[in-house]
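Trainee: I have a model open and would like to go through it with you. Where do we start?

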Amino acid sequence: MDALLKMLSDFNGDFEDSKPSSKSNINKITGSEAVLESLIAEGVDLVFGYPGGAIMPVYDALYNYRDKLKHILTRHEQGSVHAAQGYARATGKVGVVIATSGPGATNLITGIADANIDSTPIICITGQVPSHLLGTDAFQETDVVGITSPVTKWDFQITSAEAIPEAFAKAFYLARSGRPGPVVIDITKDAQFAEVDFEYKPCKKVRSYFPYPKVDAAKVNEAAELINNAEKPFVVFGQGVILGKAENEFKTFIEKGGIPAAWTLLGLSALDESHPLNVGMLGMHGNYAPNKLTNECDVLIAVGMRFDDRVTGDVNTYAKQAKVIHIELDPAEINKIIKADVAINGDVKDVLPMLTNIIVNKEYGNWLKEFKKLAEIEKEKIINEELHPTKPGLTMGEVIRIISEKTNGEALVVTDVGQHQMIAARYYGFKNSRSFITSGGLGTMGFCLPAAVGAKMGMPDKQVVAVIGDGGFQMTLQELGTILQSGINLKIVILNNDYLGMVRQWQQLFFDKRYSETEMVNPDFVKIASSYNIESEKVSERNNLEAVIEKMLASESSFVLEVKVEKEDNVFPMIPTGASVSDIRLE
């Protein structure tokens, strides 16, 4: 995130001069009540959290706000922050977390870092010791601002009740504007108890922060000229299309240009997978054609993506033959990894229509045939056997295929991190935007279960399916208690290979099959689910897999399905670490 945000700790000039709206409520209330009123003023109706001593005044005030603010009690603060992430990613709204000081706050760090690298808008509210005890190593005191500063878009410590309304207004503005991200507000206990004349004014601007830069029309013209003269143009797109709510603009752009388009992991679902110009996934375990042909295109158009190392492989060999156009909202990402011949700093929702208006309507039949040819090779060598295996053991791919077929590609799929994550991304036929939620940049195991809870809370009418490995499930399985208490209807699929599968695959391929500490002795997941009064079943045979998946999806309550899959199956294609995208392996 823009380093300037770290300097914005005073409020002078942060708010537009404007009269309070007729609905503004000016009255004397406690700081804790001011926290809750600020959330309500920002349209928040659901928060996740875990109480404790330093945040207890807020929780006491919450008792009288239960008709306005629904609180979800998770079983761990990490569960709270991942749930808020899932909620934000599914809805496009700002997720809100409440935790206490010390260990409560530090338990949020992984989720905050995850939200930061994946551009997820969340507000984390942490309690803090009374202001007169700051710096004394008081019970459960931790320098929350110091710890979170490297992994937040903004953080701020409140020591007086009067600062609460403005701090919250600024926090929400920063979290959701421009490139979204996490904000932490640390509130001392005395500020929660003190009284304040409450008046809430939404924040409209912050000094030295320009979230939506003016698009340089000359740069757009330069990009259009390159595209119009290209013989093998190629679009790579990321989550910026989703965050910018530019799915329609993007589709119109590639259709007019006739340009094949491939997605990053977080860009998945921005474009219907069945679209004829959708040529698949980029990256280490992406599809053969888009990875291979990255180094054969003559114009590479990057839209709302940051050239992560999992996408580029060896940057010294990445698309050296191509002219690179980079459309990106965050200026810090431009020329950071891959030098752009034409860099357009702006919101994709603004840039794409401008570009679409001046590119010519073209078709690239022979170029698209090259993608189809390589796709057929991948299908023959990998996909057919993965989705319709001839061997006795179950594959992760066939499980995902059946779930995709039974849900018609309409479910919201949340995954953990590992082999199952790649398989779900590759083989579930996503039709709708914001229907794939995963931990991308940080690769956080344990993310899935609480994130799926948050996604279901945000989209209660949507079929939400959590796809988890046996390793990641055991990192946050206590959130089954949150499911029990909240009564939500969530489908949980554990793809159990009794290994930390992705690490084992690397050990097999690159460490001479020295399986060091990756084999797992697992508990009975069905019994664990049953102990939380969640319906559950275990499948290890192909002949009843489909029927049990149908049973799970038809259930009117949460369901845990454990599927015993092949222990040593690998995910291919694969680009070895540090290799060129051209060196993608099919076996």
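Mentor: With a term: contact means heavy atoms within 4.5 Å. Leaving aside neighbours within four places in sequence, Pro51 is in contact with Tyr59 and Leu73. This is a predicted model, where local features need pLDDT of at least 70, side-chain atom pairs count only at pLDDT 80 or more, and totals for chains, interfaces and linings use all residues. Residues are numbered from 1 along each chain as its sequence is written, and side-chain values use heavy atoms, with hydrogens and water left out.

Trainee: Where does Pro51 lie?

Mentor: In the loop between strand 2 (46–49) and helix 2 (56–62). Helices (H or I, at least four residues) and strands (E, at least two) are DSSP runs, numbered from the N terminus. The C-alpha atoms of Pro51 and Arg75 are 11 Å apart, with the two positions 24 residues apart along the chain.

Trainee: Is Pro51 buried, exposed or partly exposed?

Mentor: Partly exposed, because its relative accessible area is 39%. Buried means under 20%, exposed over 50%, and partly exposed in between (1.4 Å probe, protein chains only).

Trainee: Next, domains. Which ones does the assignment give?

Mentor: Domain 1 (2–206), domain 2 (217–371) and domain 3 (388–564). Such bounds come from an automatic or database domain assignment. The centres of domain 1 and domain 3, taken over C-alpha atoms, are separated by 32 Å. Their contact takes 24 residues from domain 1 and 25 residues from domain 3.

Trainee: How much area do domain 1 and domain 3 bury between them?

Mentor: About 1,900 Å², with 63% of it on carbon and sulfur atoms. Buried area is the accessible area (1.4 Å probe) that two parts lose on being put together, summed over both. On the domain 1 side, Arg75, Arg89 and Ala90 lose the most area to domain 3, together 31% of what that side buries.

Trainee: And how many salt bridges between domain 1 and domain 3?

Mentor: Zero. A salt bridge here is a side-chain nitrogen of Lys or Arg within 4 Å of a carboxyl oxygen of Asp or Glu. The structure as a whole holds 19.

Trainee: Which residue pairs with Arg542 in a salt bridge?

Mentor: Glu398, with the closest N and O atoms 2.8 Å apart. The pair links distant parts of the chain: Arg542 is in the loop between strand 19 (535–539) and helix 23 (545–554), and Glu398 is in helix 16 (residues 396–407), 144 residues apart. Arg542 is partly exposed at 29% relative accessible area, whereas Glu398 is buried at 2%.

Trainee: Which residues form a network of salt bridges?

Mentor: Arg179, Asp330, Glu333 and Lys336 are joined into one network by salt bridges that share partners. Within it, the side chains of Lys336 and Glu333 meet at 3.0 Å, N to O.

Trainee: Changing topic: what is the strand order in the six-stranded open sheet?

Mentor: The order is 11-10-9-12-13-14, with parallel pairing. Strand 11 and strand 14 (342–345) are the edges, each pairing on one side only. The twist averages 15° from one strand to the next. Two strands pair if DSSP finds at least two bridges between them; strand 9 (residues 233–237) and strand 10 have three.

Trainee: What does helix 11 touch on that sheet?

Mentor: Helix 11 (residues 247–257) touches strand 9, strand 10 and strand 12, and its direction makes about 165° with that of strand 9. Axes are lines fitted to C-alpha atoms, for helices over the stretch in contact, and angles run from 0 to 180 degrees between N-to-C directions.
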